[in-house]
Each structure stands twice: as C-alpha cells, then as structure tokens.
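Here is a short, friendly tour of one pocket and some aromatic contacts. Please keep the viewer open as you read.

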Amino acid sequence: MLFDHKSAWENEKIYNEIYQNSIKDPEAFWNCHLKDFYWKKKPISSFDKNSSEWSLNGISNVSYNCVDRHAINSPDKPALIWYGDEKGERRQISYNELKNMVIKIASLLKSEKIKNNDVVAIYMPMIPEAIAAMLACSRIGALHLVVFAGFSPEALAYRLESSKAKILLTVTSSRRGGKKIEILNNANCAVSKMTQPCKTLNLDNLQNLEVKINEEIYWQDNQDNLFILYTSGSSGNPKGIVHSALPYMLYTATTLKIILGINSDDIYFSTSDIGWITGHSYITYAPLFHGLTVVIFEGTPTYPEADRYWEIIENEKVSIFYSAPTAIRSLQMFDDALVKKHDLSSLKTLGSVGEPINKSAWEWYFNVVGNKQCPIMDTWWQTETGGIILAPLRNLEQKPCIAGKPFFGNIVKITDDYGNIITSSNSLGNLIINSNWPGKCRSTTYKSEKINFAPNKAFITGDGAIYDNNFDIKIIGRLDDVINISGHRLGTAEFECAINKVHSVKESAVVAVEDSIKGQTAFAYVVIEDIVNHEKIISEILKSTKRCIGPIAKPDFIVFVPDLPKTRSGKIIRHLLRDIANNHNYNEKDLSSVYNQEIVPILYKASQEPFFCPDICKLKR
Ligand code: PRX
C-alpha cells in the first residue's frame with residue numbers, strides 16, 4: 001500500500017482512499033508501520049486469522065524501542081524536560097541519561113527478584129523517575145500498575161491487592177499548587193492495609209543507586225503484556241485493564257505519528273498524568289518510541305499564576321500541545337493577556353482528550369491559544385482502546401467539537417438501543433467499534449465486568465454519539481453509570497459504596513450533572529435512617545468519598561430524600577434521577593417503569609433546593 005503518513009490525515013480525499021483500503025485489508029495497513037520498530041526477530045504477519053487477534057509474531061522490546069535505540073543514535077538529545085510546581089524548577093534528561101535511569105531501576109527490581117509477568121506498582125507524581133520506572137518494568141518484562149498519586153491509600157490498597165503487586169515504587173512527596181503531598185505516607189498506609197506482602201521502594205535518590213545486576217533485556221513476544229491500569233466501570237470496584245506490549249505499542253505509535261502528524265524534532269507537551277491512560281500512551285510510550293523531546297509538568301496550570309502552560313510552551317518552543325477540556329475551560333476564565341504575553345508561535349498542533357469539548361472552550365483554544373494557526377485534534381478514545389480511535393483531520397477547515405473520523409482500520413458505528421445501526425444524521429445512539437485494532441485491551445482483571453471483544457462482535461463503548469450532516473461523529477458523553485469529572489472517570493457505584501459506608505445512610509444514588517468547568521460533577525441522592533444532623537452526615541459523606549477514592553471524588557451536591565425511584569424489581573432508575581438533577585422537568589418523562597411514582601415530585605422539589613451546609617457543599621446551582 002502506498003502510504004504517505006504526512007498527508008494521510010490532512011486531506012479528506014486521501015483520508016477516504018486510505019481508510020477504504022485499510023478496512024478492506026487492515027493487515028496490509030498495519031504491516032506498513034512495523035518498520036518503525038527495532039525488531040530482534042521481524043514479524044511475518046501481524047494478524048492471526050484464526051483468532052482474529054493482532055499477533056505481532058516478531059520479537060522486540062518496548063523499552064528498547066523507546067530508549068536504547070535513541071540513546072545509541074542521539075544520546076544527547078533531550079528525552080524529558082521536567083517543570084516543577086514552583087517557577088524556575090526545570091530538569092532536562094537526555095536519552096542517554098534516561099537509559100541509565102531505566103537500567104538502574106530495572107537492576108533494583110531484578111535484585112528484588114522481580115521477573116517477567118510480575119506486577120510492579122508505581123505511585124508517583126509527574127517526575128522523570130516515574131516514566132523511567134514504567135520503562136524499567138517493560139525492559140524486564142514486568143507489568144506496571146500505575147496508580148494516580150491523588151488516589152487515597154484505600155484506593156491504592158485495593159489496586160495493589162487485586163493485581164497482586166509485589167513491589168510498590170514511590171517517592172517521599174510531591175508538590176502541587178504550592179502544597180506538599182505526602183506520597184510515601186499514603187503508600188505505607190496502603191501497604192499496611194494489605195493481606196499479601198508488597199515491598200515499598202523509594203526512588204528519591206536514583207543518582208545514588210548502584211547498578212547491581214545489569215541483566216539483558218527481556219525480549220517480548222506476542223504473549224507478553226505491558227501494563228495493568230485500573231479504570232471505573234459500572235460496578236462498585238474499578239477494573240484492571242490489561243494491555244499487550246507489542247500490538248499496543250504499534251497502535252499508539254502509529255496513531256501519534258499520523259493523527260498528530262509528528263516530526264522527529266517536535267517538542268511535545270501533554271498535560272495529562274501517568275496515572276491515566278493518556279500518560280501511558282501519549283506521554284510515555286508513543287512520543288518516546290518516536291524519539292521526541294517530551295515536556296512533563298508536575299504542578300498545576302494556575303500556580304503561582306495561570307500562565308504556567310503558556311510559559312512552558314514559550315520556553316521550550318513546544319510544537320504539539322495535548323491537553324483536556326477541563327484545563328482549557330479553567331484557563332479560559334483568566335484574562336487573555338496571560339496567554340498573549342507569551343510567544344506561542346512554535347505551536348503547530350493542539351490536542352484535546354478526556355471529555356467532550358464545548359464550543360466556547362474550543363473557540364478560545366483555537367483563536368487565542370492557537371492564534372487560528374493550529375488544528376485542534378479532538379481525540380476520542382478510552383483506557384480500553386489503548387489509543388486514539390476518532391479524531392478530526394489535521395487541517396484548518398475545522399468544525400468545533402466534532403471528534404470526526406475513525407482511525408485507519410477501525411469500523412465505528414452508532415446504534416440504537418436494540419443494536420440497529422443508525423444511518424441518519426443527528427440521532428443520538430450508542431457508539432460501538434465493530435472491528436479489531438492492535439491497541440485494544442487484552443482483558444480485565446475484574447471478571448464480572450463485561451467487555452465484549454469477541455471476534456465479529458462489537459465493542460460497546462458506553463458513550464453516546466451522533467453523526468453530523470457530513471457523517472462525522474460527535475461525542476455526546478457517557479450513557480452508562482460513569483461520571484467524567486474534569487476528565488477523571490469515576491463510577492457512580494464507587495461513590496455510592498463510599499457514601500453507603502456512612503452510619504445512618506440507608507441507601508444512595510449518584511448521578512452526573514453538568515458543570516461549566518469540570519464538564520460533569522456528582523450529585524448524590526441520599527436516604528437516611530432517622531432525623532439526624534444533616535451537616536454532620538454531609539461532612540461524613542465527604543470524608544468517606546475522600547478516604548475510599550480520593551479528593552477528586554467529591555460530590556458537589558447532596559440532597560436527602562425519603563426514597564429513590566425504583567422499578568418493580570427494586571432497581572434504582574438512575575436515568576430519571578439524572579434528568580431531575582439536571583433540572584429537566586419530569587412531567588415530560590415516561591414514568592411507567594417507576595414503581596413508586598409518588599416519589600418523583602418530591603425528588604424534583606428536593607433537587608431544586610438542596611438543604612445542607614453551604615460551607616461544605618454549594619447551596620444553589
Ligand atoms: O466518555 C469518553 C471520554 O472519556 C471516556 C474514557 O475515559 P478514560 O478511559 O479515562 O480515557 C480518557 C482518555 C482517553 C470516554 O468513554 N472521552 C475521552 N475523549 C473524549 C471523550 N469524550 C468526548 N470527546 C473526547 N475527545
């Protein structure tokens with residue numbers, strides 16, 4: 001297949017031609033990109049027709065591709081540039097230095113008898129050592145399990161326990177927004193809650209660490225996995241998503257190359273965190289695979305002033321900036337002068353991921369940050385998909401807020417609730433993926449969670465979408481019981497488990513309501529046992545969500561109600577609560593499935609006037 005990756009994602013005609021070919025013969029498409037790897041043994045084919053699985057039957061190593069080969073070819077090229085919380089804090093790490101860091105951590109893990117397939121947890125802030133730790137695991141074939149450093153000890157303990165992690169890599173503390181976060185204390189607290197052994201290793205002083213065992217690289221084949229990452233689903237416990245090593249690397253590297261249109265001299269800055277899938281696919285693996293210089297930031301965009309991103313872009317001459325709608329919305333609130341005082345002319349492409357981007361944020365990003373010169377790549381994907389599935393073409397004829405086209409080889413459809421494919425524009429349906437792609441997750445450690453990946457069966461994403469008039473896809477948001485708060489994916493069931501732990505709470509139901517900055521926030525309906533002190537219960541609820549999940553899981557609205565709307569079989573009707581909480585009038589709703597219909601007007605009234613302590617939660621929306 002003739003393939004020009006520079007123009008493939010810029011021009012609709014070329015896109016359509018390559019897309020059609022890629023659907024007819026996905027293997028031919030993917031085989032074109034195998035040449036980007038260093039192979040110890042070259043694969044003959046990339047697709048196993050028997051299992052309909054991507055099976056790169058060659059032998060290679062992800063970490064070697066991301067570090068060693070660049071350390072040989074361009075040892076002094078900056079691999080990572082770190083910016084700290086305080087202005088002026090900056091570290092630069094060359095590919096050669098990164099390789100030394102990776103070898104040191106790999107050697108430390110080896111001396112602890114870690115071998116391929118063992119799980120090593122990483123609970124660290126956005127520092128170069130965290131990325132080196134991920135790469136060290138893949139160098140020796142161990143699976144890493146990164147846990148976002150903002151998660152509570154209880155949330156960390158659950159992940160350590162259920163993944164059977166043997167080692168926990170961490171550091172003493174981090175600083176964000178001028179505040180110190182005691183990471184090691186949280187890590188120790190989590191380990192103390194565990195029933196199985198897990199040893200904590202502190203990576204504060206990597207420079208003093210000696211290489212005790214410099215073993216050979218573990219060469220990965222098709223069976224090998226790269227990592228586990230927990231994410232929220234519709235059950236009470238987060239599920240561990242397992243990603244393959246080589247097919248995942250192929251997918252993320254190729255999507256970065258084509259969709260974001262990278263050149264080897266690009267300076268790449270993604271504002272995500274290694275605790276999330278973006279930090280795996282598009283901070284660590286794909287950019288380093290291509291030998292880019294990657295900028296990482298440990299602080300917050302508004303501390304000490306709301307121009308940290310713009311200052312970093314100017315200082316480092318960042319060409320690709322990949323961020324999230326929440327961050328864009330929060331920065332949009334400040335004076336444009338904070339952007340304009342910085343020279344952002346190095347920017348070539350802007351990216352957005354994590355939640356639907358609203359029109360006003362999109363326009364501000366395009367006009368003010370990108371100065372109308374940079375396409376906005378509104379990339380839609382999930383932890384389960386490994387890499388980008390939908391994105392608009394990379395040109396300036398942009399339609400705001402439209403994720404757009406499927407990546408090559410992917411068949412993406414919208415269906416109604418009965419599974420019929422929707423063929424008209426502007427009708428809301430379920431977004432499904434009707435094909436196999438190398439980046440898809442292999443399995444989940446949480447067995448009862450249904451992930452439908454069987455050959456010829458569609459993967460149901462949980463998102464709602466519509467076609468626009470041009471049949472480009474617009475994502476509306478989750479249709480299932482997942483709330484997307486500031487791009488953080490949290491299950492309503494996780495909130496409810498935490499709230500139900502509070503003494504005197506009988507039951508609860510949590511739904512998503514729209515929020516102008518966070519995109520969505522949590523609205524909790526709580527049934528309590530007796531007439532009790534509401535303020536006290538609210539404070540206990542907030543303590544419990546913080547303890548069980550972390551500070552990111554704060555319900556902004558809490559109302560006490562006598563009952564929840566239920567079906568005849570006792571199932572809580574969350575979509576009705578979601579409508580009521582979002583102020584939609586229940587009179588227009590079909591209430592035939594509600595067994596206790598008398599509760600509906602009471603819920604509606606209570607949702608208008610939440611009656612609790614204004615210091616803790618907002619009184620009025
Ligand atoms: O609802 C979609 C939203 O984020 C969900 C996936 O969350 P997670 O697995 O944490 O991965 C986030 C980073 C890839 C999706 O089901 N989402 C992600 N990107 C977009 C989006 N919603 C709208 N537009 C996007 N570009």
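## The second largest pocket

In this predicted model, 19 residues line the second largest pocket, and Tyr19, Pro406, Val412, Tyr467 and Phe471 lie nearest its centre. The space in this pocket comes to about 390 Å³.

Helix H2 (12-24), strand E19 (405-406) and strand E20 (412-415) each bring at least two residues to the lining. H2 gives the most, with 6 residues. By residue class, the lining holds 11 nonpolar, 4 polar and 4 charged residues.

## Aromatic pairs

Across the whole structure, a search finds 39 aromatic pairs. One of them joins Phe37 and Phe289: the ring centres are 4.9 Å apart and the planes meet at 65 degrees, so this pair is edge-to-face. The two rings come from distant parts of the chain, 252 residues apart, with Phe37 in the loop between helix H3 (26-33) and strand E1 (47-48) and Phe289 in helix H10 (residues 277-289). Phe37 counts as buried at 7% relative accessibility, and Phe289 counts as buried at 2%.

Phe269 and Tyr309 also form an edge-to-face pair, with 5.8 Å centre to centre and 90 degrees between the planes. Here strand E13 (residues 267-270) carries Phe269 and helix H11 (residues 308-316) carries Tyr309, 40 residues apart. Both Phe269 and Tyr309 are buried.

## A cluster and two arginines

Tyr19, met above at the pocket, belongs to an aromatic cluster together with Trp9, Tyr15, Phe29, Trp30, Trp54, Tyr251, Phe407 and Phe408.

Phe289 has a charged neighbour too: Arg69 lies over its face, 4.5 Å from the ring centre. Likewise, Arg159 lies over the face of Phe151, at 4.3 Å from the ring centre.

Technical notes. Residues numbered from 1 in each chain as written. Predicted model: local features only at pLDDT ≥ 70, side-chain atom pairs only at ≥ 80, totals over all residues. Heavy atoms only, no water. 1 Å grid on protein atoms, 1.4 Å probe; cavity = no way out; pocket = protein on both sides within 12 Å on 5 of 7 lines; lining within 4 Å. Points joined across faces, edges and corners; volume = space filled by probe spheres on them. Helix = DSSP H or I, 4+ residues; strand = E, 2+ residues; numbered from the N terminus. Nonpolar A, V, L, I, M, F, W, Y, C, P; charged D, E, K, R; others polar. Phe/Tyr/Trp six-rings, centres within 6.5 Å; stacked < 30°, edge-to-face > 60°. Buried < 20%, exposed > 50% of the residue type's maximum accessible area, 1.4 Å probe, protein only. Lys NZ or Arg CZ within 6 Å of the ring centre and 35° of its normal.
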